[in-house]
Amino acid sequence: ELSSRLSADTQLVQAIMSEKMANLIQYSCCFVASFVFAFWRSWRLTLMMLTIVPVLLICGGIFGRMVQNATAQGQTAYAGAGATAQEVLSSIRTVHAFNGMEREAARYARQLFAAERMGIRKGIT
């Protein structure tokens with residue numbers, strides 16, 4: 001479980017540092033520039049728009065928390081599947097001796113199905 005968890009976390013950190021950080025900087029600059037331009041065009045309308053920003057931040061925080069929970073559950077499910085695969089592969093002779101290939105494959109598929117459901121749930125949210 002440790003090796004699959006470490007691999008998944010490494011990929012997640014790499015994705016954050018490469019693409020997500022650049023997007024965060026770009027969107028933040030665009031947000032600030034838009035408000036500067038809006039204040040320049042119509043400061044009254046911009047002040048009215050600023051009253052909506054807290055509501056948007058709260059909704060974004062709730063959505064972010066939902067995605068974070070779904071990601072954590074998906075990583076846990078993938079870690080369980082990785083632990084099963086590592087366990088079976090490390091004792092492949094025993095599994096083969098007792099003719100347990102189909103049973104172990106079904107156990108691995110069940111754990112991957114749980115991870116797939118978490119991925120779909122994350123995609124929907």
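Colleague: Is Cys-59 buried, partly exposed or exposed?

Modeller: Keep in mind that this is a predicted model. Buried would need under 20% relative accessible area and exposed over 50%. Cys-59 has a relative accessible area of 47%, so the label for Cys-59 is partly exposed.

Colleague: While we're on cysteines, how many disulfides does the count come to?

Modeller: A pair of cysteine sulfur atoms has to be within 2.5 Å to count. Take Cys-29: the closest cysteine sulfur, in Cys-30, is 8.7 Å from its own sulfur, so that is too far for a bond. By this rule the count of disulfides is 0.

Colleague: And how confident is the predictor, and which helix of the protein chain has the highest confidence?

Modeller: The average pLDDT of the protein chain is 84, and 95% of the residues score at least 70. Confidence is lowest in H1, with a mean of 82. At the other end, with 88, sits the helix of residues 43–50, H2.

Colleague: What order do the secondary structure elements of the protein chain run in, from the N terminus on?

Modeller: There are 0 strands here, and the helices come to 5. From the N terminus on, then, the elements read α-α-α-α-α.

Colleague: Is the protein chain a compact globule or more spread out, and what is its radius of gyration?

Modeller: For 125 residues the globule rule gives 14 Å, and the protein chain is well over that, so it is more spread out than a compact globule. The C-alpha trace spans about 80 × 25 × 15 Å along its principal axes. The radius of gyration itself is 23 Å.

Colleague: What share of the 125 residues is buried?

Modeller: To count as buried, a residue has to be under 20% relative accessible area. Val-88, in helix H3, makes that cut at 14%. Over the protein chain, buried residues come to 14%.

Colleague: How far apart in space are Val-88 and Ile-25?

Modeller: In sequence, 63 residues separate Val-88 and Ile-25. In space, going C-alpha to C-alpha, the distance between Val-88 and Ile-25 is 45 Å.

Colleague: What about Ser-28 and Ala-105, how far apart are they in space?

Modeller: Ser-28 belongs to helix H1 and is partly exposed at 37% relative accessibility. Ala-105 is 77 residues away from Ser-28 in sequence. C-alpha to C-alpha, Ser-28 and Ala-105 are 47 Å apart.

Colleague: Which helix gives the largest share of the lining of the largest pocket?

Modeller: The largest pocket holds about 200 Å³ of space. H1 (2–41), H3 (53–90) and H5 (101–124) each supply at least two residues of its lining. Among the lining residues are Leu-12, Tyr-78 and Met-118. The largest share, 5 residues, is from H3.

Colleague: By class, how many charged residues does that lining have?

Modeller: Nonpolar residues number 6 in the lining of the largest pocket, and polar residues 5. Lys counts as charged, and Lys-122 is one of the lining residues. The number of charged residues in the lining is 1.

Colleague: Last one: which residue other than glycine has a positive phi, near 55 degrees?

Modeller: Look in the loop between helix H4 (92–97) and H5. The residue there counts as exposed, at 53% relative accessibility. With phi near 55 degrees, the residue is Asn-99.

Technical notes:
Residues numbered from 1 in each chain as written. Predicted model: local features only at pLDDT ≥ 70, side-chain atom pairs only at ≥ 80, totals over all residues. Heavy atoms only, no water. 1 Å grid on protein atoms, 1.4 Å probe; cavity = no way out; pocket = protein on both sides within 12 Å on 5 of 7 lines; lining within 4 Å. Points joined across faces, edges and corners; volume = space filled by probe spheres on them. Helix = DSSP H or I, 4+ residues; strand = E, 2+ residues; numbered from the N terminus. pLDDT = per-residue confidence, 0-100. Buried < 20%, exposed > 50% of the residue type's maximum accessible area, 1.4 Å probe, protein only. Rg over C-alpha atoms; globule rule 2.2 N^0.38 Å.
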